[in-house]
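Dear colleague,

Here is the structure I promised to pass on, followed by some notes on its helix packing, cores and salt bridges. Please read them with the model open beside you.

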Amino acid sequence: MTVVIGFEGSANKIGIGIIRDGEVLSNPRRTYITPPGQGFMPSDTARHHRAVILTVLKEALEQAGLKPADIDCVAYTKGPGMGAPLVTVALVARTVAQLWGKPLLGVNHCIGHIEMGRLITKANNPTVLYVSGGNTQVIAYSERRYRIFGETIDIAVGNCLDRFARVIKISNDPSPGYNIEQMAKKGSQYVELPYTVKGMDVSFSGILSYIEEAANKMLSSGQCTAEDLCFSLQETVFSMLVEITERAMAHCGSQEVLIVGGVGCNLRLQEMMGVMCQERGAKLFATDERFCIDNGAMIAQAGWEMFRSGQVTELEDSWITQRYRTDEVEVTWRD
């Protein structure tokens, strides 16, 4: 049996998970939360990760009931992500691997999400919609690569939602996106917003600029409520995502959709995607917040797949890269 420990810390979540042959043994996580109206800065986020990472590591081992000797491989997030938090976690993973005498593996964060989604949902060969604070991509597997069929040409959908949350001072606890989702359920009036799909790609910066400018005027004049704006923003950006996902499915002849990444927890996005899948006779796969929000187990699972196919990262090659594209990785563990 192969046991892999995974370290994730590419953004404001620090997580360490342990996987043994497809079984999640432990997956503790901590989130760096800033006051309403503020984002998280790389240096402050890295400081948070440094303060808690050894506690989370101890928790992961205790929950799994394992000792360092039981671990076969140490995996860490190589990228993409924020530089300072990535470096913090990579340093700890490298140190742990050397102290324990274990091989090291640098994992692509996006592929961690995909492999975790495939493990949990048992989706066979899905078209993947990967949506998070830093990434928005439509992906399908072909010839030993996860190919990107469409993506954002500016900011990620999660970033768009987070920045809107700052404009109307929505709490960051537990996350801005979750709080927007709850407020959107109470919205009843649809406010028309720019809808920007360019072929297979999407753009969110124009929508954000428009709603940032319009929000205060509309709210102060009583034209709509904050709940209406949350509802309208969700409906618009999720419609765009469903459209490009359906186009990729048609191109690939796919009958499965897997939603991964932090925004993938959103039940309204899952509902809208579910309607599209139903109309096509396709099947939707999604996970809950334990596995779609950044976590250590997803890095451990991708690391497990890579390690079993013979991959390791030499110490001198164990750097991080903030821009590490999904399609740069050779997928050696799938046919």
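In what follows, a residue is called buried under 20% relative accessible area, exposed over 50%, and partly exposed in between. Please keep in mind that this is a predicted model.

By that scale Glu 271, at 48% relative accessibility, counts as partly exposed, and so does Arg 268, at 26%. Their side chains meet in a salt bridge (3.1 Å, N to O), and, being three residues apart in helix α8, the two are separated by about one helical turn.

In helix α6, Lys 217 and Glu 213 form a salt bridge of 3.9 Å, N to O, and here the partners are exposed, Lys 217 with a relative accessible area of 54% and Glu 213 with one of 58%. A further salt bridge joins the side chains of Glu 246 and Arg 280 (3.4 Å, N to O); because Glu 246 lies in helix α7 and Arg 280 in helix α8, this pair ties together parts that are 34 residues apart in sequence. The structure holds 15 salt bridges, and Glu 151, Arg 325 and Asp 327 are linked in a network of them.

Turning to the interior, the largest nonpolar core has 48 residues, and among those with the most contacts inside it are Phe 204, Leu 229 and Cys 230. Helix α7 gives the most to this core, with 13 residues, while a second, separate core of 33 residues includes Cys 73 and Tyr 324.

Finally, the axes of α5 and α7 come within 8 Å and cross at roughly 110°, which makes α5 roughly perpendicular to α7.

With best wishes

Technical notes:
Residues are numbered from 1 along each chain as its sequence is written. This is a predicted model: local features need pLDDT of at least 70, side-chain atom pairs count only at pLDDT 80 or more; totals for chains, interfaces and linings use all residues. Side-chain values use heavy atoms; hydrogens and water are left out. Axes are lines fitted to C-alpha atoms, for helices over the stretch in contact, and angles run from 0 to 180 degrees between N-to-C directions. Helices (H or I, at least four residues) and strands (E, at least two) are DSSP runs, numbered from the N terminus. Angles under 35 degrees count as roughly parallel, over 145 as roughly antiparallel, 65 to 115 as roughly perpendicular and the rest as oblique. A nonpolar core is a set of buried Ala, Val, Leu, Ile, Met, Phe, Trp, Tyr and Cys residues joined through side-chain atoms within 4.5 Å. Buried means under 20% relative accessible area, exposed over 50%, partly exposed in between (1.4 Å probe, protein chains only). A salt bridge is a side-chain nitrogen of Lys or Arg within 4 Å of a carboxyl oxygen of Asp or Glu.
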